[in-house]
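Reader: Please take a close look at a single part of this model. I would like to know how one helix sits among its neighbours, and what salt bridges are found in the surrounding chain.

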Amino acid sequence: MTDKQPSLDFESKELPEIVSILPLFDATLFPKMVVPVVIMQHESIQLVDEAMSKDRTIGLILSSNSKIKTKYTPDDLYKFGTTALILKMAKIEDNKAQLLIQGLGRFKVKNFIKGKPYLQARVENLRDIETKSKEIDALMANLTGLFTKVVEFSPGLSPDILSMAKSIQVPGILADMIASIINSTLEEKQKVLETLDIKKRLQEVTRLVNYQMEILKLGNKIQSQVKGDMDKKQREYYLRQQMEAIKEELGEKDKTSIEIEEYKAKIKEKNLPEEALKEAEREIGRLSRMHPSSSEYTVASTYLDWLTSLPWNESTKDKLDIKKARKVLDDDHYGLNKPKKRIIEFLAVRKLKPESKGPILCLTGPPGTGKTSLGRSIARALGRKFHRISLGGVRDEAEIRGHRRTYVGALPGRIIQGIRRAGSNNPVFILDEIDKVGSDFRGDPSSALLEVLDPEQNFSFSDHYLDVPFDLSKVMFITTANILDTIPPALRDRMEVLHLLGYTLDEKIKIANRFLIPRQREAHGLNSSQISFTTASIKNIITGYTREAGLRNLEREIATICRGAATQIVAGEAKSVKINIKDIYKFLGPVNYTLEVRARPSRPGIAMGLAWTINGGTLLFIEATSMKGKKGLTLTGQLGDVMKESAKAALSFIRANASKIGISDDFFDKIDIHIHIPEGGISKDGPSAGVTILTALVSLLTNKTIKKDLAMTGEITLRGRVLPVGGIKEKVLAAHHAGIKTIIMPKWNKKDLEEDIPEKVKKEIQFHFVDQMMEVLKIALGK
């Protein structure tokens with residue numbers, strides 16, 4: 001909002017002592033000056049309507065807070081303002097109006113008056129004390145001279161304003177007029193408005209004009225420098241053009257021409273696809289027209305570097321000897337028969353049909369089961385290049401698809417970068433931890449992976465940076481995950497899921513002897529004559545110091561023992577170390593885990609269940625007790641809603657079938673029941689503990705002890721049906737590791753035991769497959 005030229009033909013009138021206040025937030029109105037004002041608040045429009053119906057007089061005060069408010073309070077406003085006359089008013093809409101206002105005189109607020117929806121104040125009208133002196137005349141002349149220079153340096157100010165300033169003979173009006181026009185802050189203008197002494201007002205405005213003059217001079221100086229720099233660059237450009245013309249006449253070539261020729265040779269050598277070739281030729285055309293010092297030149301040359309370094313047609317030849325491939329897989333990993341079988345099948349199909357597309361496999365299982373290392377082994381068996389990308393914590397879609405070239409420092413996504421590093425268009429690509437991909441405001445990487453992992457689409461994968469299709473159909477993608485639940489269904493549907501189970505005790509012993517111990521010996525500078533392990537000691541490490549489905553902690557404990565042995569050998573305490581059971585304590589300290597099955601006493605109300613976790617299977621002990629009370633049920637152990645509902649369903653089934661079970665129908669009338677699941681620091685949920693909770697309650701109420709070394713799993717219904725549950729393979733392996741001899745599970749889960757569960761485990765555990773809860777009670781309690 002800018003001040004208008006003052007109206008010099010204003011006729012004086014008596015100013016009111018009570019005025020309606022219109023707050024301003026972006027302008028200061030001086031007496032005799034004219035400003036346009038736009039108002040939008042309902043109260044302000046009502047104020048103006050009432051003023052227009054009377055004498056058109058209002059008061060304008062600047063807000064001390066620059067923020068726009070819908071309603072102002074007296075504390076928001078300065079104490080000095082201007083009485084003004086509304087010259088014109090035009091309503092644009094119902095809640096919006098434009099005003100043209102002329103200042104009449106200064107005032108100081110005495111107090112604010114309540115009673116109106118808008119602000120009203122009792123004011124003291126202030127008049128300038130007119131004094132004539134040589135000093136004031138000198139100040140006026142000096143101020144007019146400075147203002148003349150400001151107008152000359154400011155193209156936006158009309159010369160008519162200068163003529164008007166020179167025609168004003170009243171000192172106060174001259175100071176107000178110049179203060180309203182120059183570019184200064186609202187606080188400084190308010191200070192001028194509040195200055196009643198004419199001499200001080202002229203001095204303050206002179207200071208402001210001087211400051212404005214310095215800024216304008218500095219701006220002109222900068223403009224002259226910039227213009228000089230531009231002229232210098234134009235001259236340099238002209239000279240360079242002449243130099244290029246001279247070099248051309250002499251038959252010499254500059255570095256830019258040599259670089260462009262190299263790019264053309266690379267493009268011809270690479271035999272790029274049609275779309276990539278067009279884009280490369282277009283970029284070379286742009287590059288030839290640019291100067292090497294241009295920032296765009298670097299962007300174009302970097303793009304051509306990427307385009308000409310990708311393996312568009314370079315492939316490694318697959319090793320299709322199935323026997324050798326099987327030997328490589330067996331040498332690197334023990335067990336894992338299912339993924340090994342799938343790789344051998346792929347090789348067989350590849351031999352019969354060389355142009356077949358690579359499979360998209362998803363290896364899922366607990367941590368430490370060899371998912372990532374299996375990918376490296378597959379690449380070695382196939383004779384392909386190997387590249388691994390960790391997707392854990394990736395939240396930006398550009399990590400997969402790349403950034404567009406419009407961004408500074410843009411690069412292709414990880415897929416294209418990996419292809420370039422591999423140096424072939426058919427590597428084995430491991431996309432590690434695909435279940436831990438996140439998403440935020442920068443996009444969803446899992447959605448970008450839909451194209452990468454779809455054989456029907458990835459033959460023309462488009463990276464944002466390259467902006468041309470690249471064929472990924474020859475790449476063998478292998479993803480790894482600990483759980484499938486967090487992978488979006490559309491992405492999971494594109495992958496062939498292979499489950500990797502945890503290892504049994506015997507398998508861990510064999511893996512330790514064949515892989516882990518030799519690797520740690522080499523890592524610590526030891527040989528087989530310097531350190532050896534007995535089978536019993538390895539078994540003791542597995543059962544006493546680790547509790548995992550995989551092998552990572554086992555290898556850490558072996559590494560700890562190797563470090564201790566190396567210390568003894570270097571210190572001269574021993575020439576060789578043989579690790580027996582009695583030596584383990586010396587290296588690893590007290591055992592970390594004990595078999596809870598043996599540690600817990602067998603008594604009524606205690607039952608053993610099986611649970612699935614992200615790290616594999618585990619035992620779940622459920623304890624029930626009763627005390628005097630009246631129909632109370634307490635559930636503790638940080639249980640989830642589903643598990644709590646299972647406990648309530650179990651109690652309801654017992655109450656409904658009390659006579660069949662052999663307990664009194666009114667057993668619940670005089671007791672409270674408390675069900676607790678230990679390890680309260682760990683949250684637990686799921687329906688598979690239903691069978692165990694019901695059995696523990698019946699054991700408590702009938703005062704019968706559940707059979708020793710018996711574990712169970714299954715969901716229950718109010719009608720006593722036993723429904724199937726998940727994670728059977730992991731639960732069975734955990735039970736076997738804990739020495740469980742008998743397992744009760746739903747009849748529908750029998751199919752889950754037919755594959756993947758080692759035959760030795762099946763032989764050492766007796767399985768009971770049930771459909772009704774009464775069958776469970778009969779087996780567990782002998783009913």
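Author: In this predicted model, the buried residues of helix H15 pack against helix H13 (398-401), helix H14 (414-422) and helix H16 (489-492), and also against strands E9 (428-432), E10 (461-462) and E12 (476-481). Helix H15 spans residues 445-452, and 6 of its 8 residues are buried, so the helix is largely enclosed by the rest of the structure. Those buried residues are Pro 445, Ser 446, Ala 448, Leu 449, Glu 451 and Val 452.

Two of the packing partners, E12 and H16, are joined by a loop that contains Pro 488. Pro 488 has 30% relative accessibility and therefore counts as partly exposed. Its C-alpha atom is separated by 21 Å from that of Asn 615, which is 127 residues away along the chain.

Another two partners, H13 and H14, flank the loop that holds Arg 405. Arg 405 forms a salt bridge with Glu 279, with the closest N and O atoms 3.2 Å apart. Glu 279 belongs to helix H8 (residues 274-288), so the pair ties together parts that are 126 residues apart in sequence. Arg 405 is partly exposed because its relative accessibility is 22%, whereas Glu 279, at 13%, counts as buried. Both residues also take part in a network of salt bridges with Arg 282, Glu 283, Arg 286 and Glu 296. The structure has 34 salt bridges in total, but 0 disulfides.

Notes. Residues are numbered from 1 along each chain as its sequence is written. This is a predicted model: local features need pLDDT of at least 70, side-chain atom pairs count only at pLDDT 80 or more; totals for chains, interfaces and linings use all residues. Side-chain values use heavy atoms; hydrogens and water are left out. A disulfide is a pair of cysteine sulfur atoms within 2.5 Å. Buried means under 20% relative accessible area, exposed over 50%, partly exposed in between (1.4 Å probe, protein chains only). Helices (H or I, at least four residues) and strands (E, at least two) are DSSP runs, numbered from the N terminus. Contact means heavy atoms within 4.5 Å. A salt bridge is a side-chain nitrogen of Lys or Arg within 4 Å of a carboxyl oxygen of Asp or Glu.
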